[in-house]
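Student: Could you walk me through this fold and tell me what the labels rest on?
Tutor: Sure, let's look at it together.

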Amino acid sequence: MEETGSYRTPSIEHARVGDAMNKAIVTCSRDSGLREMGRLMASHHIHSLVVLLGDPAQWGLVSDVDIAHAVIGRPDATAKDLAVTATGIPDDTPLIHAIEVMREQRTSHLIVTDTASGEPTGMISALDIAGIVGWGEG
């Protein structure tokens, strides 16, 4: 297998959340059903959707695993029913801290926020972190 990566990828010890995050945020409405959420995830090749749960901006996450589990017993579930309140993590946070937050909250995804504005700017997943581990400066 041909190796790919970047000489610019920092080591896990020096990486920040912004170094690993995916700048795409795919959202769905709180009323989206399993079919719509599944189509969004499959179409964008992602494992989690962001859902605006309330006002003021309260964000939630629905994962592919949540959808798979809902198929049996909760086929009419909506994004609001399945979403867990999401933790926003500033993009300048050390990546090691993001890993600790994921471990504590038993999640594989976090919403990345702009350090200055607090607005969501991307997502970070365990797969993104694996990429830093695999390609970061050794």
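**Helices and sheets**

Tutor: Helix α2 (residues 34–44) lies across β1, β2 and β3 (58–63) and runs at about 135° to β2. This is a predicted model, where local features need pLDDT of at least 70, side-chain atom pairs count only at pLDDT 80 or more, and totals for chains, interfaces and linings use all residues. Residues are numbered from 1 along each chain as its sequence is written, and side-chain values use heavy atoms, with hydrogens and water left out.

Student: What makes α2 a helix and β2 a strand, and what is the angle of about 135° taken between?
Tutor: Helices (H or I, at least four residues) and strands (E, at least two) are DSSP runs, numbered from the N terminus. Axes are lines fitted to C-alpha atoms, for helices over the stretch in contact, and angles run from 0 to 180 degrees between N-to-C directions.

Student: Why are β1 and β4 said to stand at the edges?
Tutor: Four strands form an open sheet in the order β1-β2-β3-β4, with mixed pairing. β1 (27–28) and β4 (84–85) each have a single partner strand, so one side of each is left without a neighbour in the sheet.

Student: How do you know that β1 pairs with β2?
Tutor: Two strands pair if DSSP finds at least two bridges between them. Two bridges join β1 to β2 (residues 48–54), so the pair meets that cut-off, and the two run parallel. The bridge partner of C28 in β2 is V51.

Student: Which residues make the contact between α2 and α3?
Tutor: The two helices pack at an angle of about 145°, with axes 10 Å apart. L34, M37, G38 and M41 of α2 meet D64, I67, A70 and V71 of α3; contact means heavy atoms within 4.5 Å.

Student: What makes that contact six nonpolar, one polar and one charged?
Tutor: Ala, Val, Leu, Ile, Met, Phe, Trp, Tyr, Cys and Pro count as nonpolar, Asp, Glu, Lys and Arg as charged, and the others, Gly among them, as polar. So G38 is the polar one and D64 the charged one.

Student: And what sits just after α3?
Tutor: G73 takes a positive phi of about 100° there.

Student: How many bridges hold β6 and β7 together?
Tutor: Five, in the antiparallel sense, between β6 (residues 109–113) and β7 (residues 120–125). H109 stands opposite S125, and I111 has M123 as its bridge partner. The hairpin has six residues between the strands, and G118 in the turn has a positive phi of about 80°.
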